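Trainee: Before we discuss any detail, could we look at the model together and settle what may be read from it?

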Amino acid sequence: MGNITQIRKDGVIINEYTYDSLGQLTCEEDAVADKTYIYYYDKSGNITQKDSYPFAEGETMGDYISYIAPQRQTVATYTYGNGVYDDALIPAAALCFITVFDTN
């Protein structure tokens, strides 16, 4: 089984996902939220940051991000290492992810 690349509602793509060669989510285009999210990882594969940009439907990501960079907002940053395990995620007070899938 592979990664989810699209979510459709009534035949219309409402979310698209892009992954790197390691299968890590690198880009999420969310038409409902009108946002494009870019994910960053460290050399160990741990997510380190999530940034949001205005929705970038149909744009080439590299060119688009360079052009729109002043509108970037860091949505979340992630810190690792708890003194015992270097790759243990240090929880933030309000760290919460909700994923809703529409089966239509």
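Trainee: What is the mean pLDDT of the protein chain?

Mentor: This is a predicted model, and 61% of the residues in its protein chain reach a pLDDT of 70 or more. Where pLDDT is low, the predicted coordinates should not be read in detail. Over the protein chain, the mean pLDDT is 75.

Trainee: Which element of the protein chain has the highest confidence, and which the lowest?

Mentor: Below the elements, residues 93–100 have a pLDDT below 50, and this stretch has three contacts in the model beyond near neighbours in sequence. Confidence is highest in strand 1 (residues 6–9), at 93, and lowest, at a mean of 52, in helix 1 (residues 61–68).

Trainee: Which strands each supply at least two residues of the largest nonpolar core?

Mentor: That core has six residues in all, namely Ile7, Ile14, Tyr17, Leu25, Tyr37 and Tyr39. Tyr17, leaving aside residues up to four places away in sequence, touches Ile4, Thr5, Gln6, Ile7, Leu25, Cys27 and Glu28. The strands that each supply at least two core residues are strand 2 (12–19) and strand 4 (35–41).

Trainee: Which residue in strand 5 is the bridge partner of Ile38?

Mentor: Strand 4 pairs with strand 5 (residues 47–54) in the antiparallel sense, over seven bridges. The two form a hairpin with five residues between them, and Gly45 in the turn has a positive phi of about 90°. Within strand 5, the bridge partner of Ile38 is Asp51.

Trainee: Which residue lies over the face of Tyr37?

Mentor: A search of the whole structure finds zero aromatic pairs. The face of Tyr37 is nevertheless covered, at 4.4 Å from the ring centre, by Lys50.

Notes: Residues numbered from 1 in each chain as written. Predicted model: local features only at pLDDT ≥ 70, side-chain atom pairs only at ≥ 80, totals over all residues. Heavy atoms only, no water. Phe/Tyr/Trp six-rings, centres within 6.5 Å; stacked < 30°, edge-to-face > 60°. Lys NZ or Arg CZ within 6 Å of the ring centre and 35° of its normal. Core = buried A, V, L, I, M, F, W, Y, C linked by side-chain atoms within 4.5 Å. Buried < 20%, exposed > 50% of the residue type's maximum accessible area, 1.4 Å probe, protein only. Helix = DSSP H or I, 4+ residues; strand = E, 2+ residues; numbered from the N terminus. Contact = heavy atoms within 4.5 Å. pLDDT = per-residue confidence, 0-100. Pairing = 2+ DSSP bridges.
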